[in-house]
Amino acid sequence: MPANIKPELWRTEVAESVALLNIPGALQRSRVFDIDVSLWVKVPPDHPGPWHELVLEIDGQRQWQRRIQSSCPGQTDGLDYHCRIVLEAGPAVRLRALAASHGSVVQRLVIEAREDL
(Lines give C-alpha, C1' and ligand atoms only; values in the text may rest on other atoms or scores of the structure.)
Protein backbone atom coordinates (compact mmCIF):
# COMPACT_ATOMS: atom_id res chain seq x y z
CA MET A 1 0.00 0.00 0.00
CA PRO A 2 1.40 3.46 -0.88
CA ALA A 3 2.69 5.42 2.12
CA ASN A 4 0.69 8.52 1.14
CA ILE A 5 -2.69 6.84 1.80
CA LYS A 6 -4.27 8.10 5.02
CA PRO A 7 -6.90 6.01 6.81
CA GLU A 8 -10.47 7.05 6.10
CA LEU A 9 -12.80 8.17 8.88
CA TRP A 10 -16.55 8.42 8.27
CA ARG A 11 -18.94 9.56 11.01
CA THR A 12 -22.50 10.67 11.54
CA GLU A 13 -24.22 11.79 14.73
CA VAL A 14 -27.92 12.58 15.13
CA ALA A 15 -30.34 13.39 17.94
CA GLU A 16 -32.96 11.17 16.30
CA SER A 17 -33.87 7.49 16.01
CA VAL A 18 -32.30 6.87 12.57
CA ALA A 19 -28.69 7.46 11.50
CA LEU A 20 -27.36 6.81 7.98
CA LEU A 21 -23.75 6.56 6.90
CA ASN A 22 -22.69 5.93 3.31
CA ILE A 23 -19.07 4.95 2.65
CA PRO A 24 -18.21 5.45 -1.03
CA GLY A 25 -16.47 2.73 -2.97
CA ALA A 26 -12.79 2.85 -3.90
CA LEU A 27 -11.95 1.49 -7.34
CA GLN A 28 -8.27 0.79 -6.74
CA ARG A 29 -8.22 -1.09 -3.42
CA SER A 30 -10.14 -3.08 -0.88
CA ARG A 31 -10.53 -1.61 2.61
CA VAL A 32 -11.24 -2.84 6.13
CA PHE A 33 -13.34 -0.71 8.47
CA ASP A 34 -13.94 -0.91 12.20
CA ILE A 35 -17.56 0.11 12.76
CA ASP A 36 -18.78 1.52 16.08
CA VAL A 37 -22.42 2.32 16.75
CA SER A 38 -23.51 4.04 19.97
CA LEU A 39 -26.91 4.96 21.36
CA TRP A 40 -27.52 7.20 24.38
CA VAL A 41 -30.94 7.58 25.98
CA LYS A 42 -32.28 9.75 28.81
CA VAL A 43 -33.99 7.59 31.42
CA PRO A 44 -36.91 9.21 33.25
CA PRO A 45 -36.79 9.03 37.05
CA ASP A 46 -40.25 7.51 37.45
CA HIS A 47 -41.28 5.56 34.33
CA PRO A 48 -42.02 1.86 35.04
CA GLY A 49 -40.12 -0.56 32.80
CA PRO A 50 -38.28 1.72 30.34
CA TRP A 51 -36.21 0.03 27.63
CA HIS A 52 -34.11 0.95 24.61
CA GLU A 53 -33.07 -0.91 21.49
CA LEU A 54 -30.35 -0.58 18.86
CA VAL A 55 -30.33 -2.16 15.38
CA LEU A 56 -27.52 -2.02 12.79
CA GLU A 57 -28.19 -2.74 9.12
CA ILE A 58 -25.45 -3.08 6.51
CA ASP A 59 -26.69 -2.63 2.93
CA GLY A 60 -30.24 -3.33 4.09
CA GLN A 61 -29.39 -6.57 5.93
CA ARG A 62 -29.80 -6.72 9.69
CA GLN A 63 -26.35 -7.22 11.21
CA TRP A 64 -27.19 -6.90 14.89
CA GLN A 65 -30.07 -6.06 17.24
CA ARG A 66 -30.42 -5.76 20.99
CA ARG A 67 -33.10 -4.48 23.39
CA ILE A 68 -32.33 -3.94 27.08
CA GLN A 69 -34.02 -2.48 30.12
CA SER A 70 -32.96 1.13 30.66
CA SER A 71 -31.02 1.62 33.90
CA CYS A 72 -29.99 4.70 35.88
CA PRO A 73 -33.34 6.51 36.43
CA GLY A 74 -32.93 10.25 36.03
CA GLN A 75 -29.66 9.83 34.10
CA THR A 76 -28.49 8.36 30.80
CA ASP A 77 -28.00 4.79 29.61
CA GLY A 78 -26.86 3.37 26.31
CA LEU A 79 -25.92 0.56 23.99
CA ASP A 80 -22.78 0.09 21.89
CA TYR A 81 -21.93 -2.29 19.07
CA HIS A 82 -18.64 -2.92 17.27
CA CYS A 83 -17.94 -4.93 14.14
CA ARG A 84 -15.44 -5.06 11.30
CA ILE A 85 -16.33 -5.09 7.61
CA VAL A 86 -14.27 -5.65 4.47
CA LEU A 87 -15.10 -3.58 1.40
CA GLU A 88 -13.74 -5.08 -1.78
CA ALA A 89 -12.55 -2.68 -4.48
CA GLY A 90 -15.50 -1.02 -6.15
CA PRO A 91 -18.74 -1.10 -4.19
CA ALA A 92 -19.94 1.39 -1.62
CA VAL A 93 -21.66 0.39 1.62
CA ARG A 94 -24.64 1.85 3.46
CA LEU A 95 -24.87 1.63 7.24
CA ARG A 96 -28.14 2.38 9.02
CA ALA A 97 -28.60 2.47 12.78
CA LEU A 98 -32.11 2.39 14.21
CA ALA A 99 -32.99 3.26 17.80
CA ALA A 100 -36.23 2.49 19.58
CA SER A 101 -37.30 3.16 23.14
CA HIS A 102 -40.18 2.94 25.55
CA GLY A 103 -40.08 5.34 28.47
CA SER A 104 -36.51 6.39 27.69
CA VAL A 105 -35.82 9.19 25.21
CA VAL A 106 -33.20 8.95 22.45
CA GLN A 107 -30.53 11.61 23.00
CA ARG A 108 -27.82 10.67 20.51
CA LEU A 109 -27.14 8.02 17.88
CA VAL A 110 -23.65 7.74 16.35
CA ILE A 111 -22.10 5.61 13.60
CA GLU A 112 -18.35 5.77 13.08
CA ALA A 113 -16.29 3.86 10.52
CA ARG A 114 -12.48 3.92 10.88
CA GLU A 115 -10.32 2.37 8.21
CA ASP A 116 -7.77 -0.10 9.50
CA LEU A 117 -4.63 0.13 7.39
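Where is the place of R29 among the strands of this protein? R29 sits in the loop that links β2 (18-23) to β3 (31-42). Do keep in mind, as you look around, that this is a predicted model.

## Overall architecture

Let's start with the whole chain. The protein has eight strands and zero helices, so the order of elements from the N terminus reads β-β-β-β-β-β-β-β. Along the principal axes, the C-alpha atoms fill a box of roughly 55 × 25 × 20 Å.

Contacts across the sequence are a good next stop. Taking the contacts with a separation of 6 or more, 76% are between residues 24 or more positions apart. Of the 117 residues, 42% count as buried.

## Surface and charge

The protein exposes about 6,700 Å², and carbon and sulfur atoms supply 48% of that area. There are 13 positive and 15 negative charges in the protein, and the mean positions of the two sets are 1 Å apart.

## R29 and its two partners

Back to the loop residue from the opening. R29 has a relative accessible area of 17%, and it counts as buried because the cut-off is under 20%. The side chain of R29 makes a polar contact of 3.3 Å with the side chain of E8. Another polar contact, of 2.5 Å, joins the side chains of R29 and E115. Two glutamates therefore meet the side chain of this buried arginine.

## E8, ahead of the first strand

E8 belongs to the segment before β1 (9-14). With a relative accessible area of 18%, E8 is buried too, since this value is also under 20%. Besides R29, the side chain of E8 has R31 as a partner, through a polar contact of 2.8 Å.

Which residues surround E8, leaving aside its neighbours within four places in sequence? The contacts of E8 are I23, R29, R31, F33, A113, R114 and E115. The chain end can be placed relative to this residue as well: the C-alpha atoms of E8 and L117 are separated by 9.1 Å, although their positions lie 109 residues apart along the chain.

## E115, in the last listed strand

E115 is part of strand β8, which covers residues 105-115. Is E115 buried or exposed? It is buried, with a relative accessible area of 8%.

Not counting residues up to four places away in sequence, E115 touches K6, P7, E8, R29, R31, V32 and F33. R31 and F33 are thus found among the contacts of E115 and also among those of E8.

## E13, within strand β1

E13 lies in strand β1 and offers another setting for a glutamate. Its relative accessibility is 39%, so E13 counts as partly exposed. The side chain of E13 forms a polar contact of 2.9 Å with that of R11.

Leaving aside neighbours within four places in sequence, E13 is in contact with R108, L109 and V110. As for V37, which is 24 residues away along the chain, its C-alpha atom is 9.8 Å from that of E13.

## The cysteines

How many disulfides does a search of the whole structure find? The search finds zero. C83 is buried, with a relative accessible area of 7%, whereas C72 counts as partly exposed because its relative accessibility is 34%.

How values were computed
Residues are numbered from 1 along each chain as its sequence is written. This is a predicted model: local features need pLDDT of at least 70, side-chain atom pairs count only at pLDDT 80 or more; totals for chains, interfaces and linings use all residues. Side-chain values use heavy atoms; hydrogens and water are left out. Helices (H or I, at least four residues) and strands (E, at least two) are DSSP runs, numbered from the N terminus. Buried means under 20% relative accessible area, exposed over 50%, partly exposed in between (1.4 Å probe, protein chains only). Contact means heavy atoms within 4.5 Å. Accessible areas come from the Shrake-Rupley method with a 1.4 Å probe; for residues, only the protein chains shown count as cover. Lys and Arg count as positive and Asp and Glu as negative; His and the chain ends are not counted. The place of a charge is taken as NZ of Lys, CZ of Arg, CG of Asp or CD of Glu. A disulfide is a pair of cysteine sulfur atoms within 2.5 Å. A polar contact is a pair of N or O atoms within 3.5 Å; within protein, one must be able to donate a hydrogen and the other to accept it, and residues adjacent in sequence count only if both atoms are side-chain atoms.
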